[in-house]
Amino acid sequence: MNSNLFVNEIIVWPSQSPNEKDLNERTLWIDEGYVIAFVFDINAEQGFPEIRNISDILEALSNGTASKQKSDPWARVIKDENLTARTIQVRDKRWHIIESIIEQEPAIYYRHLRGPLVKKLVENYNTGRKKNRITEKTVYGYLRKFWQRGKNINALLPDYENSARKGETKGASNQKRGRPRKDAKEKEIGEGINITDEERKIFKTAISLYYHTPKKNTFKTAYELMIQHFYQDQLLIDDNHGKSKIASREAIPTLGQFKYWYKKEQSDWQKAATSRYGSKEFNLNHRAILGNSTNQTTGPGSRYEIDATIGDVYLVSKYNRNWIIGRPVIYIAIDVFSRLIAGIYVGLEGPSWVGAMMALANTVTDKVQFCQSYGIEINEEVWPCHHLPEILLADRGELKGKGVESIIRNLKIRVENAAPYRADWKGIVERHFRTIQGYTKPFVPGDVDVDSMKRGGRDYRLDAKLDLHQITKIIIHLVREHNTKYLENYNCDEELIADGIVPTPINLWQWGIANRSGKLRTFPEDIVKLNLMPTEQATITAKGIKLKGKELYYTCERAEIEQWFSKARSNQLSKAEKKLAVSYDPRKPEFIYIPSQDGRSFEKCRIIDPSGKYLGKTFEDIEYLAQYEAQQTQKHQ
C-alpha cells in the first residue's frame, strides 16, 4: 500500500545518474502524529539516521519518484540450531551492549542526544574491565548493522567473510573462484558470482524453509523458491517495453553452487533427514537396518506379532446380497521364529482391542475344528498351532489400556507395544499383509479401485459379491498356503543348516518344537476365550437375557431353573439383580457366556431364535438387518 508508511519498510529512491546506485532507506521510526520519520540507508558504510517528512515520502510514492521495495534483503528466518555456538555468542554479546540504548526512541536518532547515550554506555561497559573493552566506534558499528538489517537481534550476526582459518571456507574476493564457465562471454550467462558468507546464510535459511520441511520439496524446488524469495530483484528486470524478464544468471547463484554448499556444510544427516521427514517416518523408512526380528527369539512361541489391516474389498450381507456392509478388518497373529500364522480374525469393526483379542483367542483354537466350521477339511499337521506366546507385540492403540492387564495377570503373557509409526517393529506381519492384498485383489469382486473415483468410473462397491464368511474362508486358504511356503529371506542359523531344514513355516515350527521348545504356553481354550472375548452389560427381561445395544435375547439352563424371566416380568428382581456381565464371540451371535465368580467356568447361553434367521450370521449382519427393519418401519409410518 503506497498510501501509508510503516516502520521497517524500505523506500527506494532511484538514482539520477547511471554511475550511482539507488538509495534504499529503511524506515526506523514514525512519530505519533504521523508527521516525521527517521530513515537509514541500508547500504551505507558511514552516516546516521536522517529525518524526513512523511508527506514528502507519500507524495514521492504517489507520483512514482519513489517506490517501496517488495523484498527485504535482510528479512530471513534464522534458527539458533543452524548457527554455530561462536556465532551465537558474538551476536548475543553485541545485543547486550546496545540493548539499553536502542530502545530509547526517538532520542537515539537525534545526533545531539545519541552522542551522550553512546559515550555513557561505553564508560559503563568498560568500568572495571582491563580486557575486551569497547570503543564508541564499535558501538556505532553495531547500531548501523541493527538499523540496516531489520532492527532485530539477528541483524547483529557477525560477517566472517575474510577471516578463514585452516580447514575453513575462504572469504570472498573480486576474482571469480571455481571452474570458469564455457559460455562466460555470453551476456545472458556471465561468469557467475562467488559464494560469500551472506550467500551461505541465505542457503542455510532456504534449506530450513524449503527443504528440511514435512512438505518434502525436491532440491530443485527448494532452490527455485530460494531464488524467488531472496533474489527477486536480481531475478526480474524490466525491458524497454515495460515487461519483466529473467535477469542474467550472473546475478544469482546456480543450482550447482546451492547443492555443493549444502553437501559441504551438512554434517549431521540424521538430524537433517529427521527435520525433513519427521522422526517417526525417519525411524520407519530411513534409519539404518542393523538387525532383524528373528534375532529377538529363541524358538516357537517366544514372540507373536499381531496387527490389523483393512481389506481392499467390499462385503455384502448374508441376509440380502444387495446390502453392502463394509470392508473387512483382517487380524493376523504370527510367530516370529517360524513365520507360522498362529491365529486370524476377520471382522467389520475397526482395528481395535476386540479384534486383536479375537485373533489372540484364535491362536489357542483347534485349527481342525476351526477350519471345519468354514467347510475346510485339514489335518493337524497342516496348521498345528494352538498355543499362547511368551511375548505379544502389537500397536499401542490396540494393546494399551486397562484391558491388557487381564492378559498379563490371567494368561501370563508379556505385552509389548510398538512405538507410534514404527510398523518396522512388526515387520513380519506387516509384510504378510501386503502378500494377502496382492493375492486377493486381482480376483475378488468388489475390490477397491482408485480409478473408480474419476468421472465416469464405475462404482466398484456395486461389484461386491462376498460375505464375511466367504472372505474368512479365502483368508484361511491363504494361511494354509503361507504356512507351507518357502521363505527366501529367512536367516537360517548354523543348527538349521546342519539339520538340513528347508525354511518353511511348518518345518521351522516343527523343528523349533523338537529343539527349542519351552516358550509355548497351553491354556484351556474356553478359559482363554473367556479372558479375551469382549464383555458387555446384559439385562434380564421377560423376553430373555438382552445384550446391551442389540435386539437379541438369550436363555440358559440356570436362568430357566431359577425362573429369571418370570421374576423380571413380575418385578421380583431388583435393579442390580437384573444386570449381569456377559462375554461373546463377535463371529458367533448364537451364544453368549456368563463367567463364574472364580473365572474358571461359565454358563453358556443360547439365542432365542425360533425362526432360525440368526443362525450362521454375524453381529454385523444382525445389526444391519435391525437398521433396515427400523428404516422400513419409519417409511411405512
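"Buried" here means a residue with under 20% relative accessible area, while "exposed" means over 50% and "partly exposed" covers the values in between. Keep that in mind for the close-ups below, which are taken from a predicted model.

**View 1. Helix α4 and what covers it.**
Helix α4 takes in residues 136-148, which makes 13 residues. From its first C-alpha to its last, α4 reaches 18 Å, close to the 18 Å expected at 1.5 Å a residue. Which residues of α4 are buried? They are V139, Y140, Y142, L143, R144, K145, F146, W147 and Q148. So residues with charged side chains aren't ruled out: R144 and K145 are on that list, because buried is simply a matter of falling under 20% relative accessible area. The cover over these buried residues includes strands β2 (23-30) and β3 (36-41), plus helices α2 (85-102) and α3 (111-126). As a handy rule for looking at any such helix, residues three or four places apart point the same way, because an α-helix has 3.6 residues a turn. After α4 comes G150, and its phi is positive, near 110 degrees.

**View 2. An open sheet with two edges.**
Now look at the sheet itself. Five strands make up this open sheet, and they line up in the order β4-β3-β2-β1-β5 with antiparallel pairing. Why do β4 (50-53) and β5 (67-68) each have one side without a neighbour in the sheet? They stand at the edges with a single partner strand each, so there is no strand on that side. Further in, β2 and β3 run antiparallel and are joined by five bridges. You can pick out one spot in that pairing: I30 stands opposite A37 in β3. When you follow any regular strand, expect the side chains to alternate between the two faces of the sheet.

**View 3. Helices lying across the sheet.**
Helix α1 (residues 54-63) lies across β1 (10-13), β2, β3, β4 and β5. Against β4, the helix α1 runs at about 65 degrees. Helix α4, which you met in View 1, lies across β2 and β3. Its angle to β3 is about 110 degrees.

**View 4. N8 and the residues it touches.**
Find N8 in the segment before β1. Is N8 buried or partly exposed? With 28% relative accessibility, N8 counts as partly exposed. Leaving out residues up to four places away in sequence, N8 touches R26, T27, D72, G150 and K151. One of these, G150, is the residue with positive phi that follows α4. Another, R26, is 18 residues from N8 in sequence, yet their C-alpha atoms are 5.7 Å apart in space.

**View 5. Strand β15 and its two partners.**
Strand β15 (residues 535-540) pairs with strand β18 (residues 579-585) in the antiparallel sense, over five bridges. β15 also runs antiparallel to strand β16 (residues 545-547), and three bridges join those two. T539 is a good place to zoom in. What is the bridge partner of T539 in β18? It is K579. In β16, the bridge partner of T539 is K546. β15 and β16 form a hairpin with four residues between them. Look for G544 in the turn, where phi is positive at about 140 degrees.

**View 6. Three of the salt bridges.**
How many salt bridges are counted? The count comes to seven. One of them links the side chains of D92 and R91, at 3.0 Å from N to O. D92 is partly exposed, with a relative accessible area of 24%, whereas R91 is buried at 5%. Another brings together the side chains of E562 and R558, at 3.6 Å from N to O. Both ends are partly exposed: E562 has a relative accessible area of 35%, and R558 comes in at 37%. A further salt bridge joins R606 and E560, with the closest N and O atoms 3.3 Å apart. R606 sits in strand β20 (residues 602-607) and E560 in helix α19 (residues 557-561), so this pair ties together parts that are 46 residues apart in sequence. R606 is partly exposed at 43%, and E560 is partly exposed at 43%.

**View 7. Cysteines and the disulfide search.**
A disulfide is a covalent bond between the sulfur atoms of two cysteines. How many turn up in a search of the whole structure? The search finds zero disulfides. Two cysteines to look for are C371, buried at 0% relative accessibility, and C385, buried at 0% as well.

Methods
Residues are numbered from 1 along each chain as its sequence is written. This is a predicted model: local features need pLDDT of at least 70, side-chain atom pairs count only at pLDDT 80 or more; totals for chains, interfaces and linings use all residues. Side-chain values use heavy atoms; hydrogens and water are left out. The expected span of a helix is 1.5 Å times one less than its number of residues. Buried means under 20% relative accessible area, exposed over 50%, partly exposed in between (1.4 Å probe, protein chains only). Contact means heavy atoms within 4.5 Å. Two strands pair if DSSP finds at least two bridges between them. Axes are lines fitted to C-alpha atoms, for helices over the stretch in contact, and angles run from 0 to 180 degrees between N-to-C directions. A salt bridge is a side-chain nitrogen of Lys or Arg within 4 Å of a carboxyl oxygen of Asp or Glu. A disulfide is a pair of cysteine sulfur atoms within 2.5 Å.
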